[in-house]
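Here's a quick briefing on the structure shown below. Take a look at the chains first, then skim the bullets by topic.

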Amino acid sequence: MIKQQSKATPTALALGVVLATTFGPSATSASAPQLSDAAGSYGITGASRVHFSVAQVGGGGIIGDFGKFSGNFRIDGNNIARSSVEFTLYPESVETGESRVEDFLKSSAVFDSATYRTVTFRSTSVKQTGPDTAAVEGTLTARGKARKERFSVKLMDWNSRSISFIIRGSIFRSPYGMDVGTPIYSNVVEFDMNIKGQKH
Amino acid sequence: MLQNSKSTFGWVTIILHWLIAMSILGLLALGFVMRRLSLDPALQFSLYQWHKSFGFTVLALAALRAVWHVLDRQPQAPSGLSVLERRAARTTHAILIGLTIAVPLAGWAVASTSTLNIPSFYFDWFVISHLPMAKSEAAESFWTSTHAILAYATLALVALHAMAALYHHMVRRDEVLVRMLPTRLLRRGEVEKTKGSQVIAKRK
């Protein structure tokens with residue numbers, strides 16, 4: 001379901017796990033990809049990076065990545081606000097460089113990945129916040145609990161086939177029943193993701 | 001009263017002795033339980049943090065106890081003890097005091113060398129820095145073993161120490177156990193108070 005390309009005037013779009021962008025006509029040179037090219041449906045590729053960190057008292061903290069995830073997003077060239085994203089990650093793929101930390105994160109203390117195999121995000125609204133930034137709100141579901149969360153999205157790069165975003169979000173873990181280790185470890189998980197999409 | 005006398009222990013020694021005794025028995029039990037792999041991981045994490053906070057408490061108390069042991073006089077051994085027995089008692093007490101410091105230090109080394117790098121957040125109150133030691137699996141496993149071996153050695157010595165005290169109390173029927181109990185000091189305090197008021201009454 002590739003979206004029809006939109007006519008770009010001062011336009012544009014974008015978004016990734018969502019986003020949107022507005023560029024003036026001056027931003028597009030002849031050789032640059034047409035902004036309208038960004039409209040469309042994308043699959044999130046394995047080249048993406050889902051990085052997170054949890055601060056700890058006294059400095060430092062737990063940093064890691066989720067190696068397995070999947071998702072799709074659609075950029076509406078006519079109306080960025082109608083763009084959408086759905087994303088799934090598999091907590092059992094968590095990597096921190098310390099197997100005991102990984103086992104702990106997968107255990108019943110945190111993700112309980114044996115019972116809840118996925119963490120999902122489905123957007124409910126997309127708002128453009130700058131020429132190449134957007135705020136995406138949606139429902140994050142983890143450990144059987146669903147909550148509204150917000151991520152900020154920044155467009156990094158795109159061409160006619162692919163697009164790349166930096167997506168950040170600060171998520172409180174206690175509402176999901178994952179507050180183990182507080183206050184030694186922060187209640188807030190900082191997500192810092194580089195999401196790459198390939199056009200369907 | 002605070003200090004030891006020629007014949008008995010003072011309050012400082014008695015309070016430190018029993019506080020440390022109760023704490024290390026609790027820590028030994030906690031340390032044993034928290035190592036069970038079948039534990040709920042969240043509970044296990046909490047138990048480890050409690051163990052660390054109480055362990056640091058014992059380290060501070062034991063350091064105080066050691067200083068007090070060196071500075072304060074020791075009550076005389078009951079009469080009728082052989083030189084060997086006196087020496088054995090003195091040595092056991094010195095080793096016990098040394099172990100009450102060495103065990104928590106080794107535990108601190110475990111937290112410091114662990115690749116888990118979990119901060120020691122004393123009763124969720126303030127952070128106690130790790131010792132300046134390199135983190136590695138080898139170092140962590142070495143200090144974990146050392147901590148456990150020293151802890152079990154302490155338990156063995158505590159058992160010996162307690163049996164010796166009971167032997168003195170029940171077989172030799174001397175004051176060795178009783179003078180470490182707070183009850184007699186309390187009673188003596190009352191007697192002295194009574195004596196004192198009698199003196200005052202006489203002066204009047």
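In this predicted model, A:Asp76 sits in the loop that links β4 (69-75) and β5 (84-89) of chain A. A:Asp76 counts as partly exposed because 18 other C-beta atoms lie within 10 Å, short of the 20 or more that a buried residue needs. Going from A:Asp76 to A:Phe121 takes 45 residues in sequence and 19 Å in space, C-alpha to C-alpha.

**How far to trust it**
- The scores for the model are ipTM 0.83 and pTM 0.83.
- Chain B comes out at a mean pLDDT of 89, with 91% of its residues at 70 or more.
- Within chain B, helix α5 (residues 182-203) has the lowest confidence, at a mean of 59, while strand β1 (residues 120-122) has the highest, at 98.
- The pLDDT drops below 50 over residues 199-204 of chain B, and that stretch makes zero contacts in the model beyond near neighbours in sequence.
- Where pLDDT is low, don't read the predicted coordinates in detail.

**Where the chains meet**
- Contacts between the chains involve 15 residues of chain A and 13 residues of chain B.
- On the side of chain A that touches chain B, helix α1 (residues 99-106) of chain A gives the most, with three residues.
- By type, that side of chain A splits into seven nonpolar, six polar and two charged residues.

**What the UniProt record says**
- For chain A, an unreviewed UniProt entry places "domain: Lipid/polyisoprenoid-binding YceI-like" at residues 41-198. In the model, that span of chain A is 59% strand and 5% helix, and its end C-alpha atoms are 8 Å apart.
- For chain B, the UniProt annotation (again from an unreviewed entry) is "domain: Cytochrome b561 bacterial/Ni-hydrogenase", covering residues 9-182. Here the span is 71% helix and 3% strand, with its end C-alpha atoms 9 Å apart.

**Fold and shape of chain B**
- Chain B has five helices and two strands, running α-α-α-β-β-α-α from the N terminus on.
- The radius of gyration of chain B is 21 Å, whereas a compact globule of 204 residues would be near 17 Å.
- Along the principal axes, the C-alpha atoms of chain B fill a box of roughly 70 × 45 × 30 Å.
- Just 16% of the 204 residues of chain B count as buried.
- Of the contacts in chain B with a separation of 6 or more, 67% link residues 24 or more positions apart.

**Nonpolar cores**
- The largest nonpolar core has 37 residues, and A:Phe69, A:Phe87, A:Val110, A:Val136, A:Val153, A:Phe165 and A:Ile167 have the most contacts inside it.
- Another core, of ten residues, lies apart from that one and includes B:Val103, B:Trp108, B:Ala111 and B:Trp143.

**Backbone oddities**
- As background, most residues other than glycine have a negative phi, and most peptide bonds are trans.
- The peptide bond from A:Thr182 to A:Pro183 is cis, with omega near 5°. A:Pro183 belongs to the loop between β10 (162-172) and β11 (185-199) of chain A.
- B:Asn117 isn't a glycine, yet has a positive phi of about 50°. You'll find B:Asn117 in the loop between α3 (83-113) and β1 of chain B, and it is partly exposed, with 17 other C-beta atoms within 10 Å.
- B:Asp124, also not a glycine, has a positive phi of about 55°. The loop between β1 and β2 (126-128) of chain B holds B:Asp124, which is exposed because 11 other C-beta atoms lie within 10 Å and the cut-off for exposed is 12 or fewer.

Notes
Residues are numbered from 1 along each chain as its sequence is written. Chains are lettered from A and ligands numbered from 1 in the order in which they are written. This is a predicted model: local features need pLDDT of at least 70, side-chain atom pairs count only at pLDDT 80 or more; totals for chains, interfaces and linings use all residues. pLDDT is the predictor's confidence in each residue, from 0 to 100. Helices (H or I, at least four residues) and strands (E, at least two) are DSSP runs, numbered from the N terminus. Two residues are in contact if their C-beta atoms, placed from the backbone, lie within 7 Å. Ala, Val, Leu, Ile, Met, Phe, Trp, Tyr, Cys and Pro count as nonpolar, Asp, Glu, Lys and Arg as charged, and the others, Gly among them, as polar. UniProt positions are given in the numbering used here, feature names are shortened, and annotations may be inferred rather than shown by experiment. The radius of gyration is taken over C-alpha atoms; the globule rule is 2.2 Å times the number of residues to the power 0.38. A nonpolar core is a set of buried Ala, Val, Leu, Ile, Met, Phe, Trp, Tyr and Cys residues joined through C-beta atoms within 7 Å.
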